[in-house]
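Work through the exercises below with the model open. Try each task before reading its solution.

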Amino acid sequence: LRPLPYENGERLVYLKQPAPLSGVANAQFSVPEMVEYRQRTRGLESPVEYHSMPFILLGQGEPRRVQTGVVSANYFDVLGVHAVVGRLIGTPDGADSPIPVVVRQRYWDALFNRTPSIVEQPLTLNGSPAVVVGVARQFRGVVTDQPADLFAPLAASEIVEPSQSQFAVTLAARLKPGISRIEAE
């Protein structure tokens, strides 16, 4: 097996949660469960949240459906992903308007022809104003096999259709120094 392509990838863990009464081997975490993990975990540091959902992107020709990774503020830091242009989503990014958006490098190449002027470009996601703050170098997601075209902060989940607003998240984290995976379990 090849090691994960992340800084200290051997310290990254993917959290699983069985739901035996539902017959689900790996259920996603609800928002209250995510908060509890953040507050009560002793063996993990920097839990990251990820949820993938389609958004409708306007402002780039014809409307298009884009797969969007809705992520916690520390997502890129924990994975050690850097910006090719601009910056990535971080702690100050919240429910501000416009919504800060990060474009994946592959999508930047295909849709935006690698133009550096993409930073500060206004977009519309599901009818809400958004702005591109940067481009993330190409990387493989640690918590999903479904690649996202764009990334937005968790606060952006409020712009989805009401029927989708009760989403669940996938969690990953780093093991605290000196803690083994077995000890964290």
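**Exercise 1. A ring pair**

Does Tyr75 count as buried or exposed? Then describe its ring partner.

Solution. This is a predicted model. Start with the cut-off: buried means under 20% relative accessible area. Tyr75 has 1% relative accessibility, so Tyr75 counts as buried.

Next, find the partner. Tyr75 forms an aromatic pair with Phe151. Their ring centres are 6.1 Å apart, and the planes meet at 35°. Planes under 30 degrees apart would count as stacked, and over 60 as edge-to-face. The pair is therefore tilted.

Now check Phe151. Its relative accessibility is 0%, so Phe151 is buried.

Then place both residues. Tyr75 sits in helix H2 (residues 75-79), and Phe151 in strand S8 (residues 150-153). The two parts are 76 residues apart in sequence, so the pair ties them together.

Finally, widen the view. The whole structure holds five aromatic pairs. Ring pairs join Tyr50, Tyr75, Phe76 and Phe151 in a cluster.

**Exercise 2. The nonpolar cores**

Find which residues of the largest nonpolar core touch the most other members.

Solution. This core has 21 residues. Val103, Tyr107 and Leu125 touch the most other members. Elements that give two or more residues include strand S2 (44-58), strand S3 (64-71) and strand S5 (99-104). H3 gives the most, with four residues.

Look at Val103 in detail. Leaving out residues up to four places away in sequence, Val103 touches Trp108, Phe112 and Ile118, among others. Val132 and Asp149 are also among its contacts.

**Exercise 3. Three salt bridges**

Compare the settings of three salt bridges, starting with Glu36 and Arg40.

Solution. Begin with the principle. Side chains of opposite charge can pair when their charged atoms come close. The count for this model is five salt bridges.

Step one: Glu36 and Arg40 meet at 2.6 Å, N to O. They are four residues apart in helix H1, so about one helical turn separates them. Glu36 is partly exposed at 38% relative accessibility. Arg40 is exposed at 59%.

Step two: Arg106 bridges to Asp149, with the closest N and O atoms 3.7 Å apart. Arg106 lies in helix H3, and Asp149 in the loop between S7 and S8. The pair links distant parts of the chain, 43 residues apart. Arg106 is partly exposed at 37% relative accessible area, whereas Asp149 is buried at 12%.

Step three: Asp109 and Arg114 meet at 3.0 Å, N to O. Asp109 is partly exposed, with a relative accessible area of 31%. Arg114 is also partly exposed, at 42%.

**Exercise 4. Positive phi**

Describe the backbone of Arg114 and Glu120.

Solution. Recall the usual case: most residues other than glycine have a negative phi. Arg114 has a positive phi, near 60°. Glu120 has a positive phi too, of about 75°.

Now locate them. Arg114 lies in the loop between helix H3 (105-112) and strand S6 (122-125). Glu120 is in the loop between H3 and S6 as well. At 57% relative accessibility, Glu120 is exposed.

**Exercise 5. Confidence**

Where in the chain is confidence lowest and highest among the elements?

Solution. Take the average: the chain has a mean pLDDT of 81, and 84% of the residues score at least 70. Helix H1 (residues 31-40) is lowest, at a mean of 80. Strand S4 (residues 83-86) is highest, at 93. Residues 161-165 have a pLDDT below 50. Beyond near neighbours in sequence, that stretch has one contact in the model.

Technical notes:
Residues are numbered from 1 along each chain as its sequence is written. Side-chain values use heavy atoms; hydrogens and water are left out. Buried means under 20% relative accessible area, exposed over 50%, partly exposed in between (1.4 Å probe, protein chains only). pLDDT is the predictor's confidence in each residue, from 0 to 100. Contact means heavy atoms within 4.5 Å. Rings of Phe, Tyr and Trp (its six-membered ring) pair if their centres lie within 6.5 Å; planes under 30 degrees apart count as stacked, over 60 as edge-to-face and the rest as tilted. A nonpolar core is a set of buried Ala, Val, Leu, Ile, Met, Phe, Trp, Tyr and Cys residues joined through side-chain atoms within 4.5 Å. A salt bridge is a side-chain nitrogen of Lys or Arg within 4 Å of a carboxyl oxygen of Asp or Glu.
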